[in-house]
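Good morning, colleagues. Please look at the model on the screen while I take you through a few of its residues and elements.

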Amino acid sequence: RGVIAAVVMACLDILGKRAGLSVVALLGGKVRDEIPAYTNGWYRTERTPENFSKAAENAMGRGYSVVKFDPFGSHVSPLSSDSMQECLNIINEMELTANPGGLAAECHQRLDWLDAKAVLDYMMGRGSSAWAWIEEPLPWWDPEGLAGLANSSPIPVATGENLTSVRQFEDLVSRSRNLILQPDVMNLGGITKALEVCRLAERHGLRVCPHDAQGPVSRACCVQLAALSPAVWMLEDFDPWNAPWAQEIATTYRAERGMIGFTDMPPGLGVTLHWDKVQEHPYDPDGWVPLFETGWEQRRGAS
């Protein structure tokens, strides 16, 4: 799917640049000129409630209305009572810090049904108004479980970054409507397939927040989706917390005060790679985030 996506994106980029048109213009035209962004990757700090709160205040000060975070560290179900309490303490502090509807809890598929239900019950018991969504509390290959959690909760369940076909999204939507769909352009095989997921969401009155953690080309693809479909609610933004060189390797769309604007869309995907800068940072086989190791949230390997 990744190879197919790369070919599809390259072809659309070439066609657009040859024609002097953005991919959005090639695929139907814009429905808007800007979209809100939520921020991720801001919690590169020691894992305590106080540190998470301070980091969240800094992120919100940049204009983001929603901040996403993983309160679970390296913990994986079944959680001990001490581990569960440690995670809930961070959740509690974040509820006190954020604006209403300003939190998204990333679970990275590390919970089982009982722990996921316990976390959701805790959130609901304290009032669910702080939460925009809870993300992938269960593994993506358990659509029945994810839908069951969603149907028992006022807090939407977000999922979809690992799905590789539109049919999988159709299956999820048939089980529950309390969902935020998170298609990943690369995993689906390109923009046109991701747009099909957006059209599915439009038909069923659902919101889409595309998964976007792969850099400037991925960002450009997600902006095309946001410009094409009113179902796209927000885009993901890691930029302020990445190493400075990550922004130097390409010219693409950036968030300003929590909004990503695209009034004037360049031809093609709207991204230009600076190959001299790319060559300064060759592929590093150790440059990944080990999500189940202690301290992973500081992302040392990816900086």
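Histidine 211 lies in the loop between strand E7, residues 207-208, and helix H10. I should say at once that this is a predicted model. Is histidine 211 buried or exposed? Its relative accessible area is 12%, and because that falls under the 20% limit, histidine 211 counts as buried. Its side chain makes a polar contact of 2.6 Å with the side chain of aspartate 184. Leaving aside neighbours within four places in sequence, histidine 211 is in contact with Glu161, Gln182, Pro183, Asp184, Ser218, Cys222 and Glu236.

Two of those partners, Ser218 and Cys222, bring us to helix H10, where both are listed among the buried residues. Helix H10 covers residues 216-228, 13 residues in total. From its first C-alpha to its last it reaches 19 Å, close to the 18 Å expected at 1.5 Å a residue. Why do we describe H10 as largely enclosed by the rest of the structure? Twelve of its 13 residues are buried, so the surrounding structure largely encloses it. The buried set includes Arg219 and Gln224 as well as Val223, Leu225 and Leu228.

I turn next to threonine 159, which is placed in strand E5, residues 157-159. Threonine 159 is buried, with a relative accessible area of 2%. Which residues does it touch, not counting those up to four places away in sequence? They are Glu136, Leu146, Phe169, Leu172, Ile180, Leu181 and Gln182. Gln182 has already appeared, as a contact of histidine 211.

Asparagine 151 belongs to helix H6, which spans residues 143-151. Not counting residues up to four places away in sequence, asparagine 151 touches Arg175 and Ser176. With arginine 175 there is a specific polar link: the side chain of asparagine 151 reaches the backbone oxygen of arginine 175 at 3.1 Å. As for its distance from threonine 252, the two residues are 101 places apart in sequence, and their C-alpha atoms are 38 Å apart in space.

Finally, I come to the surface. Leu15, Leu21 and Leu26 form a nonpolar patch there, with about 250 Å² of accessible area together. Of these, leucine 26 is located in helix H2, residues 23-27. At 34% relative accessibility, leucine 26 is classed as partly exposed, whereas threonine 159 is buried at 2%.

Thank you; I am glad to take questions.

Technical notes:
Residues numbered from 1 in each chain as written. Predicted model: local features only at pLDDT ≥ 70, side-chain atom pairs only at ≥ 80, totals over all residues. Heavy atoms only, no water. Helix = DSSP H or I, 4+ residues; strand = E, 2+ residues; numbered from the N terminus. Expected span 1.5 Å × (residues − 1). Buried < 20%, exposed > 50% of the residue type's maximum accessible area, 1.4 Å probe, protein only. Contact = heavy atoms within 4.5 Å. Polar contact = N/O pair within 3.5 Å; in protein donor to acceptor, adjacent residues only side chain to side chain. Patch = residues over 30% accessible without salt bridge, like charges linked within 9 Å, V, L, I, M, F, W, Y side chains within 5 Å. Areas by Shrake-Rupley, 256 points an atom, 1.4 Å probe, with all protein chains shown as cover. Salt bridge = Lys/Arg side-chain N within 4 Å of Asp/Glu carboxyl O.
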